[in-house]
Amino acid sequence: MKSRLIIALAASAGAALLPSLASAQRQAPPTPEQRLDRLEKQVQQVQRQLFPKGRPADTAGFVDDPAATQSSVVGLDQRLDALERQVADLVRQSEENGNRLRNVETGIGQLKSDQDQRIAALEQRMSEAAAALPVQVPAVTTAPATPPPKAKPPTSKPSMPKTSATAPPPVATTSAGTPATDAGEEAYTAGFRLWESGQYDQAIESLKAFTSAYPGHRRASYANNLIGRALLDKGDARGAATALLANYRNNPGGERAQDSLYYLGQALMKLGQPGQACKAYAELDAVYGAKVRPDLKKLEAEAKAQAQCG
């Protein structure tokens with residue numbers, strides 16, 4: 001009886017297992033996504049057991065975040081590469097701009113240094129040329145053949161007209177009414193008349209002869225200034241600048257020293273150097289100030305406007 005009961009239970013168990021085995025054989029294998037879900041659940045269970053107070057920092061995030069795929073990783077790598085290239089381009093452009101700026105600053109400094117050297121060299125050449133002017137023997141003389149009488153010179157000096165012209169004043173006379181002879185005055189007047197008539201070469205020769213024969217004459221400043229003006233009038237701006245600068249430097253207290261500074265500025269304008277012309281006008285104001293004649297002051301104001309002096 002007992003054996004029959006065992007056989008019946010075994011038969012019923014075998015009958016019950018047959019459908020489950022058949023269904024297991026018919027069930028498809030799990031997909032990769034199912035396997036990943038199962039692994040994630042297992043990992044989460046392990047993390048809950050190991051970290052009861054929360055997930056570790058390197059695994060922090062939402063529990064339902066999807067797993068990274070290969071395409072997303074490749075996309076992130078490409079974006080990182082693009083950002084690195086952009087940063088490299090920005091760094092390269094910044095370095096190039098810095099190099100350009102340094103080159104520009106270096107060029108400006110070199111240009112300023114070259115300009116200062118050229119100006120200094122020009123001033124030195126003008127000074128050397130003024131110092132090396134040859135002393136000429138008078139070629140033209142208007143003095144009378146007989147020696148002048150030893151008359152006492154007039155006590156009062158003839159007043160000059162308050163204009164920029166260099167015309168000589170009327171000849172002084174003695175108490176007897178006869179003109180007082182001044183060979184130097186006559187020599188200068190002869191040179192002035194030549195310049196006034198447009199005979200610049202002859203005027204320059206005559207005026208140089210006068211300054212050589214009468215270096216201490218009060219008209220020496222007039223004559224040297226007029227030599228510079230004659231050179232300027234005939235188109236020799238460089239020679240005029242040299243003569244005018246020499247007249248100012250050699251005799252700054254002369255009556256036409258301030259005129260020489262003004263016409264020096266005019267000569268420099270002819271040479272295309274408005275900056276140096278402005279320096280000449282500034283020197284005129286600094287040295288003579290209120291002593292500058294009104295007519296010359298007016299001419300200087302117009303010249304400053306033409307040169308655009310600041």
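**Cys278, its disulfide and helix 10**

Mentor: In this predicted model, Cys278 is buried, with a relative accessible area of 17%.

Trainee: Why is Cys278 called buried?

Mentor: Buried means under 20% relative accessible area. Cys278 has 17%, so the word applies.

Trainee: What makes Cys309 partly exposed?

Mentor: Its relative accessible area is 23%. Partly exposed runs between the 20% limit for buried and the 50% limit for exposed, so Cys309 belongs there.

Trainee: How do you know that a disulfide joins Cys278 to Cys309?

Mentor: The rule asks for a pair of cysteine sulfur atoms within 2.5 Å. From S to S, Cys278 and Cys309 are 1.9 Å apart, so the pair meets the rule. By this rule the count comes to 1 disulfide.

Trainee: Which parts does the pair tie together?

Mentor: Cys278 lies in helix 9 and Cys309 in the segment after helix 10, so the pair links parts that are 31 residues apart in sequence.

Trainee: Why is the disulfide called left-handed?

Mentor: The torsion about the S-S bond of Cys278 and Cys309 is about -95°, so the disulfide is left-handed.

Trainee: What span is expected of helix 10, and what does helix 10 reach?

Mentor: Helix 10, residues 294–307, has 14 residues. At 1.5 Å a residue, 20 Å is expected, and helix 10 reaches 20 Å from its first C-alpha to its last, so the span is close to the expected one.

Trainee: Which residues of helix 10 are buried?

Mentor: They are Asp295, Leu296, Glu300, Ala303 and Ala307.

Trainee: What puts these buried residues on the same side of helix 10?

Mentor: They cover an arc of only 130° around the axis, which puts them on the same side of helix 10. An α-helix has 3.6 residues a turn, so residues three or four places apart point the same way. The buried residues of helix 10 pack against helix 8 (257–270) and helix 9 (274–288).

Trainee: Which residues are exposed on the other side of helix 10?

Mentor: Pro294, Lys298 and Ala305 are exposed there. Just after helix 10, Gln308 takes a positive phi of about 60°.

Trainee: Where in the protein chain is confidence lowest, and where highest?

Mentor: The lowest is helix 1 (residues 2–26), with a mean pLDDT of 57, and the highest is helix 6 (residues 220–233), at 94. The mean for the protein chain is 76, and 69% of its residues reach 70 or more. Over residues 133–165, pLDDT stays under 50.

Key
Residues numbered from 1 in each chain as written. Predicted model: local features only at pLDDT ≥ 70, side-chain atom pairs only at ≥ 80, totals over all residues. Heavy atoms only, no water. Helix = DSSP H or I, 4+ residues; strand = E, 2+ residues; numbered from the N terminus. Buried < 20%, exposed > 50% of the residue type's maximum accessible area, 1.4 Å probe, protein only. Arc of directions from axis to C-beta. Contact = heavy atoms within 4.5 Å. pLDDT = per-residue confidence, 0-100.
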